[in-house]
Amino acid sequence: MPARATRHLLTVWNPAYAHNAMEEHLAILLDWAGRYDKEAAEVEELYVWWGKVRSPNRQTPQAHADEIRAIGRSLQGPDAVETHLYLTDYRSLYVGELLEIVEGELADAEREHAPAYYADDQLSCDFWFKLGDLRRLVHDDLPAVVESLKVLRNTHYNDRPVSLYGGMVDLPLIVTRNDGVRFFVPDDRDLLTGGKLWAEFDAEIGGGTAAVERALREDLLGEKSWSALELSARTAIATGERLYREHRLDPGFDFGPVIVAFSKALEIQCNAIVRSVMPSLPREARLVNIDGHGVDLGEGRPLMLGQLEHALRTEQALATALAQKLENGKWFVEQLPPMINALRGVRNPGTHEARVDRKTAGHWRNRLLGVGSIGDFVELARVRRKADIR
C-alpha cells in the first residue's frame, strides 16, 4: 500500500487585521535571527507564531479542526516529515516551515515570538502555527501565484488543484502535493544562503528579482523550462541575471558574483537531479570517489560543482546509469561536465583572485540562459527521472 501523501495547510493573510501582516511576521523572525547571530539567542528560538484569526462574524466551528490537530500531532516524533503552511494574499505566495500547532490562546511566554497586533487588537485565534522559517515563492505576480497553487491538491475538493477563484473557502485548506518537494532542506539552504534562514536571504535580495524572474519565465527560458527548475536554482539564476542587468553598462564592475550565482544554480539543479534518481541505481553506480573517499550518493550528500564534474567524468558506472535512467541523460553525462569544467575556470578565479570582466560574464550569461541559442539551463530543465522508472 503506498504511503499517504503528506498533508500541508494553505491560508490567506487578511489585510483587514494588519496591513503588513507578512512583513510583521518576517520582522519577528529576522529579529530573532539577528539575536542568534550575536549569540544572544539559541537556535531553538528561531521561529515565529502565525495565528489563524477567528472572525467575529463566523458562527460555526473552525473548519477541518480535527485534521489540523492531526497534522499537529504528525509534527512530533522521529517520523515527522517536512510540513508546510502556505500563505498568500493572492499577489504573493510564501511557504512556512511548520514546526508545531497550538490550539486556542498563545502562552504569554511566547508573545515575543508573535507580532504585537494580535494582542493590541485583541484578536482571538483558533490555532497558532509555529514557523521555523518563511520562504518567498512568488512576489507581486498574480498569474504566477495561480500557477504555483495548481500543484497543491485540495483534499476537500476531490483532490482537485487549488484555485484562487472560488476555492479559497473554509480556510485553512488541507492540501497535498504529488511532487513531494522540500523547501527547507538544510544542505540545500546552506548551499545558497551560506547558512542563513531563507527569510534572511529573501530580505537581502528584496523583491528586486520578481520582475527578473517574470522576464526569465515569460520571455527567455519559457514557462515549461522555468517551472522544471528547482526553486532555489530559479532564485540563483534570477539573482545572477539581476546583477548582470544592473551593471552591464559598468565596464569596471566585478562580475564575479554573477558567475557565482549561475554556478550555484547549476549546483543546486544537478544535485536535485542526481538525488531524484539515486533510489533506482544499483549500489555499484552510487558508490563514487569524492576527494579520495568512497561516498554513497544514495545517502543524499550534496556535491560541489567540481565534485559533480569529476564524478560524471571518471565514474563510468554512474555515468552509464544516469544516461539510462534520465530523460536527456546523454546530454547530462556527456555535454554537461566539460561545460562545468570551463565555467569553474572562470568562477574560481572570480571568487578568489581576479576580477571577472563584463565580456566574460556576458558570454556565460548568454550561453547559460540561451540568448541567441538553446541555453544550458533549458537543456538542464529537460533532464529528469524517466516517468517509467519506479
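**View 1. Contacts that reach across the sequence.** In this predicted model, take the contacts between residues at least 6 apart in the protein chain: 73% of them join residues at least 24 apart. The elements being brought together here are 17 helices and twelve strands.

**View 2. The whole chain, boxed up.** Along the principal axes, the C-alpha atoms of the protein chain fit a box of roughly 65 × 55 × 45 Å. The radius of gyration is 22 Å, which agrees with the value near 21 Å for a compact globule of 390 residues. Buried residues account for 51% of the 390.

**View 3. Inside the largest nonpolar core.** This core has 82 residues, and the ones touching the most other members are L10, Y86, I237, L322, F332, L336 and F377. Helix α10, spanning residues 256–277, chips in ten residues, the most given to this core.

**View 4. Zooming in on F377.** Leaving aside residues up to four places away in sequence, F377 touches L221, L229 and I237, along with F262, A265, L266, L368 and L369. One of these partners, I237, is also on the list of core residues that touch the most other members, as is F377 itself.

**View 5. The second core.** Separate from the core above, there is another one made of 39 residues. Among its members are L46, V48, Y94 and A114.

**View 6. Out at the surface.** The protein chain exposes about 19000 Å², with carbon and sulfur atoms supplying 48% of that area. As for charges, there are 48 positive and 59 negative ones, and their mean positions lie 7 Å apart.

Definitions and conventions
Residues numbered from 1 in each chain as written. Predicted model: local features only at pLDDT ≥ 70, side-chain atom pairs only at ≥ 80, totals over all residues. Heavy atoms only, no water. Helix = DSSP H or I, 4+ residues; strand = E, 2+ residues; numbered from the N terminus. Rg over C-alpha atoms; globule rule 2.2 N^0.38 Å. Buried < 20%, exposed > 50% of the residue type's maximum accessible area, 1.4 Å probe, protein only. Contact = heavy atoms within 4.5 Å. Areas by Shrake-Rupley, 256 points an atom, 1.4 Å probe, with all protein chains shown as cover. Lys, Arg positive; Asp, Glu negative; His and termini not counted. Charge placed at Lys NZ, Arg CZ, Asp CG, Glu CD. Core = buried A, V, L, I, M, F, W, Y, C linked by side-chain atoms within 4.5 Å.
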